[in-house]
Amino acid sequence: MVLFEKARKVYDDGTLAVDDLDLEIAKGEIAVLIGPSGCGKTTSLKMVNRLEELTSGRIIVGGEDITSVDPVQLRRKIGYVVQEIALMPHMSVAENIAIVPKLLGWEKKRIQKRVDELLELARLEPTMYRFRLPDQLSGGQKQRIGVLRALAADPEVILMDEPFGALDPISREGLQNELLELQNTVKKTIIFVTHDMEEALRMANKVVIMRQGRIEQMGSPDEIQERPATDFVRNFIGEDRLANISPDSPLDTLVQDPILRVKPGLNASEVLDLMEDEGCETAQVIDRNGKWGGMALLWLLKKASKKGLSAADGVTRERKLLIEEATLRDAAEMLADKDLPIPVVSGTGEFVGIVTQAGIARLTIGRLTRKRREVLD
Ligand SMILES: Nc1ncnc2c1ncn2[C@@H]1O[C@H](COP(=O)(O)OP(=O)(O)O)[C@@H](O)[C@H]1O
Ligand SMILES: [Mg+2]
């Protein structure tokens, strides 16, 4: 259904983000792309609906080379769900779900019927939810509406970029189960991006482990767990990762992708706009070589922006942990002190990822879930 053939993306500044990716995703399959921050997951997704254009290679969706389809038409045929769902704040739940069907010129009756059908599918009573505004919904409900919106016009293919990444662990598990149930009925072809191995193993028919724009290993969840092909994969899955962690364990299991990474040269005001769009309080400033320039904070950026300075002038470099040294205890203590993401960097200054309070909570839940499974088995 979706075929990548030597798909390559080099950004204008020379960053090689996706390196001749070959990948085939069958109809009705959920493929999960997973890998460290910056390995090219988001870029791979965005090439499918042409939010980013391929530098070379081909992508075929439903038998059609995507470059032969008008990008706007293409995007109406492909559902897209991102981490921070941008529901239209002034539009009701029903109107938000109906965006694409409306663009496609569906009749009013048909749209109404479809909206109710979808709400029921997600067990949201239509009479209760149809006319609510987004700010009358919980985070989990918003994200659900985002998924329904992507399903609205019944696209064959759905792209999901860390769709549940911003949710607390309980809502997250709920939505994962719901999506799997939904998938039993709708049988879509889904490309799902995550940095969370538990989530990948739970959701995927096919797990695609990426590293530096390439596929490191690909296979069913069982294959990947039973036969990790390289040390990188072994580390990444870390079978004992959850069973054996202690407060003195290294940070690896906690590290996740930031929502926003920006280049140091951007104007502080541009970064403020991006943060507003994404609903973020922080952004990581990373140069083209992957070196960390600091964590941009709203108040620092506002000051920098008033003076017409760049993103690099609106950052703090105080808050950080070193991947080689820091332990889970260090992270937990820092987070208990202040609930702001902690950037994780290497001794040579490369950006590795961030750790968050939500991540710690997720780790705890993941561990308890696994313990429960062990007891049940
Ligand atoms: N618009 C852009 N311009 C330049 N480089 C980019 C851009 N978007 C992403 N990159 C770079 O491309 C690489 C892959 O990024 P991305 O696909 O977002 O990775 P992931 O989603 O796996 O974290 C990273 O090195 C990132 O810094
Ligand atoms: Mg990403």
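The following questions and answers go through burial labels, salt bridges and one surface patch in a predicted model.

User: Why is Lys9 called buried?

Analyst: Buried means under 20% relative accessible area. Lys9 has 9% relative accessibility, so Lys9 counts as buried. Lys9 belongs to strand 1, residues 2-10. Leaving out residues up to four places away in sequence, Lys9 touches Thr15, Leu16, Ala17, Val18, Thr43, Met47, Glu52, Glu53 and Thr55.

User: What makes the pair Asp20 and Arg8 a salt bridge?

Analyst: The cut-off is a side-chain nitrogen of Lys or Arg within 4 Å of a carboxyl oxygen of Asp or Glu. For Asp20 and Arg8 the N to O distance is 3.2 Å, so the pair meets the definition. Asp20 lies in strand 2 (residues 16-25) and Arg8 in strand 1, so this pair ties together parts that are 12 residues apart in sequence.

User: Why is Asp20 called partly exposed, and what is the value for Arg8?

Analyst: The label partly exposed applies between the limits of 20% and 50%. Asp20 has 32% relative accessibility and therefore counts as partly exposed. Arg8 has 24%, so Arg8 counts as partly exposed too.

User: How do you know that Arg172 forms a salt bridge with Asp196?

Analyst: The closest N and O atoms of Arg172 and Asp196 are 3.0 Å apart, and the definition asks for within 4 Å. Arg172 is in helix 8 (residues 169-186), while Asp196 is in the loop between strand 8 (189-194) and helix 9 (197-203); the pair links distant parts of the chain, 24 residues apart. Both residues of this pair, Arg172 and Asp196, are buried.

User: What about Arg211 and Glu216: what N to O distance does their salt bridge have, and why are these residues called partly exposed?

Analyst: The side chains of Arg211 and Glu216 meet at 3.4 Å, N to O, which is set against a limit of 4 Å. Arg211 has 35% relative accessibility, so Arg211 counts as partly exposed. Glu216 has a relative accessible area of 22% and is therefore partly exposed. Elsewhere, Arg8, Asp19, Asp20 and Arg214 are joined into one network by salt bridges that share partners. The structure holds 24 salt bridges.

User: Which residues form the negative surface patch, and why can Asp273 be called partly exposed?

Analyst: The patch is formed by Glu270, Asp273, Glu276 and Asp277. Membership needs over 30% relative accessible area and no salt bridge. Asp273 has a relative accessible area of 47%, so Asp273 is partly exposed; exposed would require over 50%. Asp273 sits in helix 12, residues 268-278.

Note on methods
Residues are numbered from 1 along each chain as its sequence is written. Chains are lettered from A and ligands numbered from 1 in the order in which they are written. This is a predicted model: local features need pLDDT of at least 70, side-chain atom pairs count only at pLDDT 80 or more; totals for chains, interfaces and linings use all residues. Side-chain values use heavy atoms; hydrogens and water are left out. Patches are made of residues with over 30% relative accessible area and no salt bridge: like charges are joined within 9 Å, nonpolar side chains (Val, Leu, Ile, Met, Phe, Trp, Tyr) within 5 Å. Accessible areas come from the Shrake-Rupley method with a 1.4 Å probe; for residues, only the protein chains shown count as cover. Lys and Arg count as positive and Asp and Glu as negative; His and the chain ends are not counted. The place of a charge is taken as NZ of Lys, CZ of Arg, CG of Asp or CD of Glu. Helices (H or I, at least four residues) and strands (E, at least two) are DSSP runs, numbered from the N terminus. Buried means under 20% relative accessible area, exposed over 50%, partly exposed in between (1.4 Å probe, protein chains only). Contact means heavy atoms within 4.5 Å.
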